[in-house]
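Colleague: Could you take me through this one and show how each label is earned?
Modeller: Gladly, ask away.

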Amino acid sequence: MKVTALIEDDLIEKIKEATGGRNITDSITIALKEYLSNRNIDKVIDEIEREPFVFNEDMAAYGIRNLNRNR
């Protein structure tokens, strides 16, 4: 998709430097993908904070030891 955007030159230079992209398009694509990835990670963290993982007691070290001994 072709897009026209007004972005400050210094911001573009910082993005190019930070991403190591070959050109402006590549650099902006890398930055946007990284941004979306970080947003997804933040969503998962928020979900875990609301509903923390609960591990099965049998999967703790002593539980696994007992499972292995009873084989």
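Colleague: What makes the pair of Asn-23 and Thr-25 at the start of α2 a polar contact?
Modeller: A side-chain oxygen of Asn-23 comes to within 3.2 Å of the backbone nitrogen of Thr-25. A polar contact needs N or O atoms within 3.5 Å, one able to donate a hydrogen and the other to accept it, and residues adjacent in sequence count only through side-chain atoms on both sides, so this pair qualifies. Bear in mind that the model is predicted: local features need pLDDT of at least 70 and side-chain atom pairs 80 or more, while totals for chains, interfaces and linings use all residues. Residues are numbered from 1 along each chain as its sequence is written, and side-chain values use heavy atoms, without hydrogens and water.

Colleague: How do you know that the span of α2 is close to the expected one?
Modeller: α2 has 27 residues and reaches 39 Å from its first C-alpha to its last. The expected span is 1.5 Å times one less than the number of residues, which gives 39 Å for α2.

Colleague: Why is Ser-27 called buried?
Modeller: Ser-27, found in helix α2, has 0% relative accessibility. Buried means under 20% relative accessible area, exposed over 50% and partly exposed in between, with a 1.4 Å probe and protein chains only, so Ser-27 counts as buried.

Colleague: Which residues is Ser-27 in contact with, leaving aside neighbours within four places in sequence?
Modeller: Ile-15, Lys-16, Thr-19 and Gly-21; contact means heavy atoms within 4.5 Å.

Notes
Helices (H or I, at least four residues) and strands (E, at least two) are DSSP runs, numbered from the N terminus.
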